[in-house]
Each structure stands twice: as structure tokens, then as C-alpha cells.
Amino acid sequence: MAKILAVDDEPAILEMIESILNKDGHLVTKVSNPLKINMEELHRYDLILLDIMMPGMDGFELCKRIRALVDCPILFLTAKTEENSLVNGLSLGADDYISKQMQPVLDAIGQIKDQNLEYETSCSGIKEFDDCLSAIDDMRDALRESLEKQWKTEQEKKQQMSALAHDIKTPLTIVRGNAELLSETELTTEQKNNITYVLNGTTQIQSYVKQLIDVTKSWNCSDVTYTTVRLEDFFADIKEQALGLVEIYHQKIDWKAGQSDKKVTIAYDPMFRAVMNMIQNAVEHTKENGIIYIDAKEQDGRLTFIVEDSGSGFTKEALLHGTEQFFMDDTSRNGEAHYGMGLFFAKTVAEKYGGGIKLSNSENTGGARVEIFFLSSQETS
């Protein structure tokens with residue numbers, strides 16, 4: 001077993017030298033800064049490997065300093081193979097050169113970093129380095145195959161979603177048409193209200209279906225139509241749909257909203273859907289005759305909605321992961337499996353428009369509390 005000192009400013013090369021030499025039972029001391037070499041310990045080594053191009057002190061200068069202190073072989077481990085460099089190093093006391101064939105490995109790593117999976121690797125001429133290149137090739141091929149499969153799967157999903165969205169339009173048209181026919185008959189006040197909820201709901205669903213079709217065509221949600229609306233109207237639209245929702249579940253709403261004639265420019269559709277997802281989540285976890293508390297307000301272009309239900313509240317797991325896309329709380333608040341798609345969508349919209357979302361449990365009701373806010377594009381008077 002030989003004791004070997006390896007000096008190189010590139011940690012990756014030092015690690016590779018150590019790995020290769022350790023296989024043959026040698027003990028390697030690695031130094032990445034030539035200025036930190038302990039000159040008093042040099043006599044312990046049977047072999048010294050030096051890089052040439054190093055900051056602070058190059059290999060030539062280091063070789064000159066240590067040759068007078070040791071009798072062991074000194075080898076330059078370098079990519080520099082010019083004749084002048086070879087002669088200069090040998091004249092300073094080095095015994096020989098070993099060429100570093102690391103460039104093919106570094107090139108392969110750089111190509112992967114640049115997300116180029118079509119590159120061709122070259123051989124270094126050193127077995128251990130070539131084994132490393134072969135492993136990188138295998139990893140590249142596996143990654144490319146995985147990405148191709150993922151792309152194909154995503155394309156199939158988009159096609160299925162597009163087909164499903166088109167299929168939904170037919171029964172939705174039937175529901176709306178029959179609701180309109182019913183609205184022309186003699187109805188009680190309660191029945192008229194119910195028909196209104198059905199018509200408004202189907203209109204909203206038709207809008208969502210259209211957006212879904214558009215999204216599956218372009219798969220780009222960045223193009224959003226901004227709308228200038230009166231805050232009071234935006235709040236009223238949310239309240240109206242929330243009332244229709246809780247009536248189905250035989251629940252009630254405690255609604256609080258600031259009164260204002262102010263107009264703001266907002267991404268109406270996604271923000272509306274985000275808030276309704278919060279309310280839907282609250283409704284699903286509140287028992288019959290329970291109350292949903294909704295607080296809507298605006299200040300300095302910041303729209304905030306707070307929704308509290310009177311259920312059993314979020315579990316510890318849900319508080320941590322409830323806004324994740326595929327979160328499922330098996331011990332959820334209503335005893336059924338709970339999926340986080342709605343809150344994930346709400347969070348995505350909030351963050352897209354300069355806001356955020358916070359999950360907690362209400363001190364007032366003991367149920368779940370979700371607070372979300374968005375920033376309007378601009379304020380108008």
C-alpha cells in the first residue's frame with residue numbers, strides 16, 4: 001500500500017483519483033488548495049500527484065518548493081501536454097506526466113446540464129473514466145426514454161380531457177334547455193329561485209367547459225382576460241353562487257363583504273373559480289344545517305377572502321399538505337377520502353396573481369379556515 005498526496009483544485013478530479021487508487025489498496029490524501037499543504041508532512045508520502053493549473057500557486061512553483069524536501073516521485077496530473085510545459089516541469093524536479101483525460105466526462109456532464117440529451121460521448125482512453133462515461137450514457141438514454149413516455153402520456157391526457165369536455169356539453173345543454181322550459185311554467189317563489197340557480201350554474205359550467213377546451217388545445221394558461229368590474233358586483237356574483245351551493249346541502253351562509261363602488265381590473269374567471277373551490281371545500285365538510293362563514297374585502301388593490309366552515313377542521317397532515325395537487329387525507333374531516341385538487345387550484349391562482357393562501361383551523365367555529373388573497377392588475381376610480 002502506498003501513501004499518495006494528490007493536489008488539484010477540482011474536487012471532482014480528486015474524488016475520482018481517490019476512488020481509482022483506493023481500489024488498489026492505496027491511501028490517498030486530497031488537497032484542493034496548494035497553499036494549505038503541510039510541508040513538514042511531505043516525507044510521509046510515497047508519491048505526489050500535482051495539477052499544473054491551480055489558483056494561488058501553480059504546479060510548477062509547488063514542485064520547485066517541495067522537490068528539495070522529498071525524494072519520492074512527483075508526477076504532474078494535467079491536461080497540458082505542450083512540449084514546453086513538459087520540459088519545464090521535468091526541469092523543476094518532476095519525474096513524469098500523467099495526462100488527465102477528464103474533458104469527455106466534463107463535456108458529457110455539461111451537455112446534460114444544458115438539457116441536451118442528443119449528444120455523442122467520446123472516449124477518454126482511461127478505463128475508469130470510460131466506465132463513468134458509459135454510465136452517463138445509460139442514464140441519458142433512460143432519462144430521454146422517460147421524458148418521451150411522459151410527453152406521450154400528457155398528450156393522451158389532453159386528448160381525453162378535450163373529448164370529455166366536448167361530451168359534457170351535450171347533457172349540459174339538455175339540463176339548461178329543460179330548466180328554461182320550467183322557468184316558463186307557473187312556479188312558486190322557491191321554485192323560481194331554484195331554477196335561477198340551475199340556469200346560473202349551467203352558464204358557469206359552460207364557461208368552464210369552454211376554458212377547458214381552449215386549455216387542452218393550447219395547454220397554456222398564461223393568456224388570461226382581465227376584466228374591469230365593480231367590487232360590489234364581483235362579491236355579489238360569488239355570494240349568489242355560494243347561496244345556490246349551500247341550498248343543495250341544506251346549509252346556511254354568514255356573509256360579510258365591504259360595500260364599495262370601486263372598480264378594479266382583475267382576472268375574473270380564475271379568481272372566481274379559486275374562491276368557489278374554497279367554498280365548495282367548506283360545504284363538503286360541513287354537516288347539514290351547518291353554517292359557512294365568508295368574509296370578502298378589498299384594501300389598496302388587495303382582494304381577500306376568508307372562508308370558515310363548522311366542520312371538524314383540518315388534520316395536522318392537511319394543514320401541511322392540503323394545497324398539494326394530489327394530496328389525499330384518509331382521515332379527513334368528513335370521514336371520506338379528501339383530495340386537494342380544489343385548494344391546489346386556489347393556491348396556483350393566488351400565487352399567479354401576486355397573492356397566497358393560508359390554511360388553519362378557526363378559533364370561532366373549530367372548523368377549517370382558508371384565507372386567500374389576490375392583487376388586482378390596477379385600480380380605477
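Let's start with one pair of residues: K358 has E371 in β14 as its bridge partner. That link belongs to a set of 6 bridges through which β13 and β14 (residues 368-375) pair in the antiparallel sense. Keep in mind that this is a predicted model.

**The sheet**

Where do these two strands fit? They belong to an open sheet of 5 strands, ordered β7-β9-β10-β14-β13, and the pairing is mixed. At the edges sit β7 and β13, each pairing on one side only. From one strand to the next, the twist averages 15 degrees. As background, strands of a sheet pair through backbone hydrogen bonds, either parallel or antiparallel.

Here are three of the pairings side by side:

| Strands | Sense | Bridges |
|---|---|---|
| β7 (residues 252-257) and β9 | parallel | 6 bridges |
| β9 and β10 (residues 302-308) | antiparallel | 7 bridges |
| β13 and β14 (residues 368-375) | antiparallel | 6 bridges |

Now zoom in on β9, which covers residues 291-299. In this strand, I291 stands opposite K252, while E298 has L303 of β10 as its bridge partner. β9 and β10 form a hairpin with 2 residues between them, and D300 in the turn has a positive phi of about 55 degrees. The strand also has two faces: I292, I294, A296 and E298 make up the covered one, and I291, Y293, D295, K297 and Q299 the uncovered one.

Over in β13 (residues 356-361) you'll find S360. Is S360 buried or exposed? It counts as buried, because its relative accessibility is 18%, and the cut-off for buried is under 20%. Not counting residues up to four places away in sequence, S360 touches F314, L319, G367, A368 and R369.

**Helices on the sheet**

Helix α7 (residues 231-248) and helix α8 have axes that come within 10 Å and cross at roughly 30 degrees. The crossing is right-handed. On the α7 side, the contact involves F234, D237, I238, Q241, A242, L245 and V246; on the α8 side, Y268, M271, F272, V275, M276, I279, Q280 and V283.

Both helices meet the sheet too. α7 lies across β7, β9 and β10 and runs at about 170 degrees to β7. α8 packs on the sheet by touching β9, β10 and β14, and its direction makes about 180 degrees with that of β14.

**The cores**

Which residues have the most contacts inside the largest nonpolar core? They are F234, I238, I279, F305, I372 and F374, in a core of 43 residues. Helix α8 (residues 268-284) supplies the largest share of this core, 10 residues. Take F305 as an example: leaving aside neighbours within four places in sequence, its contacts include F234, F235 and I238, along with V275, M278, D295, A296, I372 and F374. There's also a second, separate core of 21 residues, and L5, Y45, L62 and Y97 are among them.

**A quick check on α1**

Helix α1 (residues 11-22) lets you try a ruler test. With 12 residues at 1.5 Å a residue, it should span 16 Å, and its end C-alpha atoms are indeed 16 Å apart, so the two agree. Buried residues in α1 are I13, L14, M16, I17, E18 and L21. A handy rule for reading such a list: an α-helix has 3.6 residues a turn, so residues three or four places apart point the same way.

Note on methods:
Residues are numbered from 1 along each chain as its sequence is written. This is a predicted model: local features need pLDDT of at least 70, side-chain atom pairs count only at pLDDT 80 or more; totals for chains, interfaces and linings use all residues. Side-chain values use heavy atoms; hydrogens and water are left out. Helices (H or I, at least four residues) and strands (E, at least two) are DSSP runs, numbered from the N terminus. The expected span of a helix is 1.5 Å times one less than its number of residues. Buried means under 20% relative accessible area, exposed over 50%, partly exposed in between (1.4 Å probe, protein chains only). Two strands pair if DSSP finds at least two bridges between them. A nonpolar core is a set of buried Ala, Val, Leu, Ile, Met, Phe, Trp, Tyr and Cys residues joined through side-chain atoms within 4.5 Å. Contact means heavy atoms within 4.5 Å. Axes are lines fitted to C-alpha atoms, for helices over the stretch in contact, and angles run from 0 to 180 degrees between N-to-C directions. A crossing is left-handed if the near helix is turned anticlockwise from the far one by less than a right angle, and right-handed if clockwise.
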